[in-house]
Amino acid sequence: MLVLINANIYTMWEEHPRVEALAIEQNRIVAAGMKDEILNLATARDTIRDMANCTIWPGLTDSHIHFQNYALGLDRVDCETSSRGECLDRVKKAAQKIPAGDWIRGHGWNQNNWPEGFGNADLLDQAAPQNPVYLTAKSLHASWANSAALRLAGITRQTPDPQDGEIQRGADGNPTGILFESAMGLVEKAIPDPAIAEIMRAMETAQKTLWSLGITGIHDYDQRGCFMALQEMEQAGGLGLRVVKGIPHEDFDHAVALGLRTGFGSDFLRIGSLKMFADGALGPNTAAMFQPYEGKSTTGMLFLDAEQILEIGQKASETGISLAIHAIGDRANYEVLKAYDQMRRFEKDHHKPHLRHRIEHVQIIHPDHLERLAALGIIASVQPIHATSDYQMVDRFWGSRSRTAYAFRDLLAANTRVTFGSDAPVESPNPFWGLHAAVTRQRQDGSPAPEGWHPNQRITLQQALAGFTTGPAYAAGVETRLGRLAPGYLADLIVLEQDPFELAPQQIFTVQPTATMVAGRFVWKQ
């Protein structure tokens, strides 16, 4: 048995929210309490470790991440720059390091932050004349390709826009190199898939990075290759994150045919929810809205309405698969909630389980619809860091509607079940950056104001911590063994030299763990 004493332990356990010591047997916590109480349980054979008054939290879970994309992206061109020219310079440098004909991948650009606006294929051709180039936008809902990439994808003047997508075209009718939503897939199909071994190597590196940030679990929404790599990692004994693996919509029929159910698997790799997209994103103005974007005629793109969601949802319910639906705009959130209302009736009438359905993002919701999540028992899977990253775009494109955007406090006040994530690689997976954003509604430089952006939506650190601990555990159906430091729970925890509850809220983003434990074993130390 391992005994940790002289620590400042936040348990997230209502019966004993603060304790001084933990006793850990194999991979579980067997006792949590005061120092003398726990020491009385120890024998001469046990290991006693003095934690020197460090703070201990439960391990943190990122409940919305694209793990394969994040892992592979660690070696890609960082396109999150303040100007288009700087991004092009980085592409040029990358082209100088690889053979002609090899693909150059990058991520992170946002035309809304560039004085020059969108790029085009010609600019990328100049930066990398001998390589196909494909750069995804920060939102992951748009991309920028050069002529070689367009040619390999077979995209020409005559190529029609795919359903739920758009090929941006110039005044002459030719593709510019900017692709929106499903049109991105036209190029992505032409890019050679990475080998499973390559994905595994990238994930092993990324796993260590996540441990160093205090993350012990993730809810992943990448595709088939990611799932295959995760299975191989677990079988080899190398998977050290608690992973809930979402089912991509394109693989739904296969999942049903196999009889997969939400919750099936081990403590390290479990089947999650069916992931679908009801709309696009804020940055490219493809999130589905009731009213047009400020100064524009577009209301975005609605990919699924309530009737379509219900049809899919009924089939999923028959198999025991819960839904996780991406909805950003107020129109998309309305359609999803309308479908979930009908889903609850279907579950009741057909004696089906009351599944833990989710809405991913819930970035803006009409005030009249906000309380419906709690009423229907729908989980709001939100990303606090989006609020501070996006606020300038929100004010620009949604205007006065922004008062109900990223409404975390209102959701909690309505008794909505909430779980937090990062959407990495869209944002950094650092959970302390997410905690800081939720508590302050400020960027790390203090902008936009000392009181934060829409400060009425700030929440407490305790509420924010629940979003990374008990919230994800409930969403995954494992609230009886993860998310708390209590007897019978799996021993996943992080060690901090600083107590974030004693810091000024503006300093929370600076916190760094000194050690991370998964299943009773320290997997990372500073």
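**Notebook: loops, helix packing and overall form**

I began near the C-terminal end of this predicted model, where A519 sits in the loop between β23 (513-518) and β24 (521-525). I looked up its backbone and found a positive phi of about 55°, although A519 is not a glycine.

I then turned to N415, which lies in the loop between α14 (408-413) and β21. Its phi is near 70°, again a positive value in a residue other than glycine. Is N415 buried or exposed? I noted a relative accessible area of 65%, and because the cut-off for exposed is over 50%, N415 counts as exposed.

Next I checked peptide bonds. I found a cis bond joining A424 and P425, with omega at about 10°, and I placed P425 in the loop between β21 (418-420) and α15. Another cis bond joins S447 and P448, where omega is also about 10°; P448 belongs to the loop between α15 and α16 (461-468).

Since α15 kept turning up in these entries, I looked at its packing. Helix α13 (residues 384-398) packs with helix α15 (residues 431-440) at an angle of about 70°, their axes being 7 Å apart. Angles of 65 to 115 degrees count as roughly perpendicular, so α13 is roughly perpendicular to α15. I recorded the crossing of α13 past α15 as left-handed. Which residues make the contact? On the α13 side I listed P384, I385 and T388, and on the α15 side W433, G434, A437 and A438. By class, the residues of this contact comprise 5 nonpolar and 2 polar, with no charged.

I also examined helix α10 (residues 306-319) and helix α11 (residues 330-349), which pack at about 35° with their axes 9 Å apart. Here α10 passes α11 in a right-handed crossing. From α10, the residues A306, I309, L310, G313, Q314, S317 and E318 meet E335, V336, K338, A339, Q342, M343, F346 and E347 of α11. I entered the division for this contact as 7 nonpolar, 4 polar and 4 charged.

Finally I took stock of the whole chain, whose secondary structure comes to 17 helices and 24 strands. Its C-alpha atoms fill a box of roughly 80 × 55 × 55 Å along the principal axes. The radius of gyration is 23 Å, which agrees with the value near 24 Å that a compact globule of 526 residues would have. Of the 526 residues, 58% count as buried. Among contacts with a separation of 6 or more, I noted that 72% are between residues 24 or more positions apart.

How values were computed. Residues numbered from 1 in each chain as written. Predicted model: local features only at pLDDT ≥ 70, side-chain atom pairs only at ≥ 80, totals over all residues. Heavy atoms only, no water. Axes fitted to C-alpha atoms, helices over the stretch in contact; angles between N-to-C directions. Helix = DSSP H or I, 4+ residues; strand = E, 2+ residues; numbered from the N terminus. Parallel < 35°, antiparallel > 145°, perpendicular 65-115°, else oblique. Left-handed = near helix turned anticlockwise from the far one by under 90°. Contact = heavy atoms within 4.5 Å. Nonpolar A, V, L, I, M, F, W, Y, C, P; charged D, E, K, R; others polar. Rg over C-alpha atoms; globule rule 2.2 N^0.38 Å. Buried < 20%, exposed > 50% of the residue type's maximum accessible area, 1.4 Å probe, protein only.
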